[in-house]
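Trainee: Could we go through this model together? I would like to hear the reasoning behind each label we put on it.

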Amino acid sequence: TVIECAGAFETVSTDTEIVSTFRDHVSVTGTNIKLTCDYLRVVALQKNGRPTALGQYGYFKSLVATGHVRIVQGDREATCGRAEIFPGDDKIVLTESPVVRSTDDQYVARGPRMALYRGRRQAVIEGSPDDRVRITLPALKDLGFDKDQAPPPATPPPEKK
């Protein structure tokens, strides 16, 4: 994973964790993922429990990206104001006007809060009466109705005896 920023980078190490912040035009490139944002806070577990000035990164615990967030992964793209990534839970939570779309524009999903689960092929989009979920999918194929053709006459029900 490569993280770059145009502004300040700060890191604080403890015996168990490393908390790093990146500011201004942040770019994260990892295996099959590209993330850009204005600000990124990364919490990682300390490798071997030996703190150093820059830390020895083990596993990522969480990444919180804010400001003009854009995530591209495979044939999907997500944009939002805030993304919380939990690699250990295979979960991404998108808030602040999230939109997920296929790169070929076959679908677009919008809602106030989205939780995306890796490996489960599951997305949960929560709406409210004031901020509804909206999904745009490809057009349905023609189901055979021809507006110029009159429907067949209705058959009367059989008489009861």
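Trainee: Which residues does Val69 touch, leaving out those up to four places away in sequence?

Mentor: Val69 touches Thr36 and Cys37, and also Ala78, Thr79, Cys80, Gly81, Arg82 and Ala83. Keep in mind that this is a predicted model. A contact here means heavy atoms within 4.5 Å.

Trainee: What makes Val69 stand out in the largest nonpolar core?

Mentor: Val69 is among the residues with the most contacts inside that core, along with Leu35, Cys37, Leu40, Ile71 and Leu94. The core has 20 residues. Strand 3, strand 4 (33-46), strand 5 (57-73), strand 6 and strand 7 each supply at least two of its residues.

Trainee: Why is strand 7 described as largely enclosed by the rest of the structure?

Mentor: Buried means under 20% relative accessible area. In strand 7 (residues 91-95), 4 of the 5 residues are buried, so the description follows.

Trainee: How do you know that strand 7 pairs with strand 6, and in which sense?

Mentor: Two strands pair if there are at least two bridges between them. Strand 6 (residues 76-86) and strand 7 have 5 bridges, in the antiparallel sense. One example is Glu84, whose bridge partner in strand 7 is Val93. The two strands form a hairpin with 4 residues between them, and Asp90 in the turn has a positive phi of about 50°.

Trainee: Which strand does strand 10 join, and over how many bridges?

Mentor: Strand 10 (residues 113-117) is joined to strand 7 by 5 bridges, and the two run antiparallel. Leu94 stands opposite Met114 of strand 10.

Trainee: What makes strand 6 and strand 8 a pair?

Mentor: Again, at least two bridges are needed, and 4 join strand 6 to strand 8 (residues 99-102), running antiparallel. In strand 8, Val99 is the bridge partner of Thr79. Strand 8 also pairs with strand 9 (residues 108-110), in the antiparallel sense over 3 bridges. There, Arg101 stands opposite Val108. That hairpin has 5 residues between its strands, and Asp105 in the turn has a positive phi of about 60°.

Trainee: Now two threonines. Why is Thr21 called buried?

Mentor: The cut-off for buried is under 20%. Thr21 has 10% relative accessibility, so it counts as buried. Its place is in strand 3 (residues 17-30). Setting aside residues up to four places away in sequence, Thr21 touches Ala8, Phe9, Glu10, Tyr39, Leu40 and Arg41.

Trainee: And Thr16: buried or exposed?

Mentor: Exposed means over 50%. Thr16 has 53% relative accessibility and therefore counts as exposed. Thr16 is found in the loop between strand 2 (9-13) and strand 3.

Trainee: Which residues is Thr16 in contact with, beyond its neighbours within four places in sequence?

Mentor: They are Ala44, Leu45 and Gln46. Thr16 and Leu45 are 29 residues apart in sequence, and their C-alpha atoms are 5.9 Å apart in space.

Trainee: Why is Leu137 called exposed?

Mentor: Leu137 has a relative accessible area of 57%. The cut-off is over 50%, so Leu137 is exposed. Leu137 lies in the segment after strand 12 (134-136).

Trainee: Which residues form a nonpolar patch on the surface with Leu137?

Mentor: Val133 and Ile135 do. Together with Leu137, they have about 260 Å² of accessible area.

Key:
Residues numbered from 1 in each chain as written. Predicted model: local features only at pLDDT ≥ 70, side-chain atom pairs only at ≥ 80, totals over all residues. Heavy atoms only, no water. Buried < 20%, exposed > 50% of the residue type's maximum accessible area, 1.4 Å probe, protein only. Core = buried A, V, L, I, M, F, W, Y, C linked by side-chain atoms within 4.5 Å. Patch = residues over 30% accessible without salt bridge, like charges linked within 9 Å, V, L, I, M, F, W, Y side chains within 5 Å. Areas by Shrake-Rupley, 256 points an atom, 1.4 Å probe, with all protein chains shown as cover. Salt bridge = Lys/Arg side-chain N within 4 Å of Asp/Glu carboxyl O.
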